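These are my notebook entries on one chain, written down in the order in which I looked things up. I began with charged side chains and went on to the nonpolar interior.

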Amino acid sequence: LAFSMTPTICIHRQTRPMQDKPIGFDKNNMVEISAEGNLDKKADVFIGELKRKGAITGGTQLSMSISETGNNTWGVEWQGKQPDQKILFEILNAGYDFTKTTGIKLIAGREFSSQYPVDTAGKTMMINETAAKLMNLKETVGAEIKWGGRPYTIIGVYKDFVRGSPYQKVPPMITGFVNSGAAEI
């Protein structure tokens, strides 16, 4: 019996730190709904209506599940980046109230807002703290980065959060505005 308990105790001791590791967002009381058909195009209207009826306190649209990975790019450029430097960035597009809805801490700047037409025009980005450290910009908020040759202004930096495996380091991440094409209620 002692031999069969030993592996169980070892596995428990190895996995316990990961179970207790903070993930960086509030998964309690969070519900994800896959946007299919017209819901994808009218997400802002849907979220606004649920808020108005008191069914939810906050909502945002995401390009994929907050806990999934796999959407990434090599094509991010910034002032001071070495020409031969190859860095893989995760991509997550988000709507209004991204940090407020998910509980991810905003470290600097602001999140996307309907009060700023440049956000909905797709000319701004948010980045995570790992990306900010990696870029080592003098002033991160307000700096310009390029992705796919297009310029974007960094409007906010948010705290790292776990996507995918908690055993892996958090990669640098860029977050663009996901446009549902609908007016907010």
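Entry 1, Glu49 and its partner. I looked up the accessibility of Glu49 in this predicted model, and Glu49 counts as partly exposed because its relative accessibility is 25%, which lies between the 20% limit for buried and the 50% limit for exposed. I then turned to Lys53, which forms a salt bridge with Glu49, with the closest N and O atoms 3.7 Å apart. At 61% relative accessibility Lys53 is over the 50% limit and therefore counts as exposed.

Entry 2, Lys51 and Asp97. I found a salt bridge between the side chains of Lys51 and Asp97, at 3.2 Å from N to O. This pair links distant parts of the chain, since Lys51 belongs to helix α3 (residues 43–52) while Asp97 sits in the loop between β3 (89–91) and α4 (98–102), 46 residues apart. For Lys51 I noted a relative accessible area of 30%, so this residue is partly exposed.

Entry 3, Lys133 and Glu129. How far apart are N and O in the salt bridge of Lys133 and Glu129? I noted 4.0 Å for this pair, and the cut-off for a salt bridge is within 4 Å. Both residues lie in helix α6 (residues 129–135), and because they are 4 residues apart there, about one helical turn separates them. Is each partner buried or exposed? Lys133 is exposed, with a relative accessible area of 63%, whereas Glu129, at 14% relative accessibility, counts as buried. I also recorded that salt bridges with shared partners join Glu49, Arg52 and Lys53 into one network. Searching the whole structure, I arrived at 8 salt bridges.

Entry 4, Leu134. I stayed in helix α6, where Leu134 is located, and noted that Leu134 is partly exposed, with a relative accessible area of 34%. Leaving aside residues up to four places away in sequence, Leu134 touches Trp78, Ile87, Phe89 and Pro172. For one of these contacts I also looked up the separation: Leu134 and Pro172 are 38 residues apart in sequence, and their C-alpha atoms are 7.6 Å apart in space.

Entry 5, the nonpolar cores. Which residues touch the most other members of the largest nonpolar core? This core has 17 residues, and I listed Trp78, Phe89, Ile127, Met135, Ile145, Ile154 and Ile174 as the ones that do so. At least two residues of this core come from each of β2 (76–78), β3, β5 (124–128), α6 and β7 (150–158). I followed Met135 further and found that, not counting residues up to four places away in sequence, Met135 touches Val76, Trp78, Phe89, Ile127, Ile145 and Ile154. There is also a second, separate core of 14 residues, and Ile66, Phe112, Ile155 and Tyr158 are among its members.

Entry 6, the chain as a whole. I counted 6 helices and 8 strands, and from the N terminus on, the elements follow one another as α-α-α-β-β-β-α-β-α-β-α-β-β-β. Of the 185 residues of the chain, 35% count as buried. Among contacts with a separation of 6 or more, 70% are between residues 24 or more positions apart. Finally, I noted an accessible surface of about 11500 Å² for the chain, with 52% of this area belonging to carbon and sulfur atoms.

Methods:
Residues numbered from 1 in each chain as written. Predicted model: local features only at pLDDT ≥ 70, side-chain atom pairs only at ≥ 80, totals over all residues. Heavy atoms only, no water. Buried < 20%, exposed > 50% of the residue type's maximum accessible area, 1.4 Å probe, protein only. Contact = heavy atoms within 4.5 Å. Areas by Shrake-Rupley, 256 points an atom, 1.4 Å probe, with all protein chains shown as cover. Core = buried A, V, L, I, M, F, W, Y, C linked by side-chain atoms within 4.5 Å.
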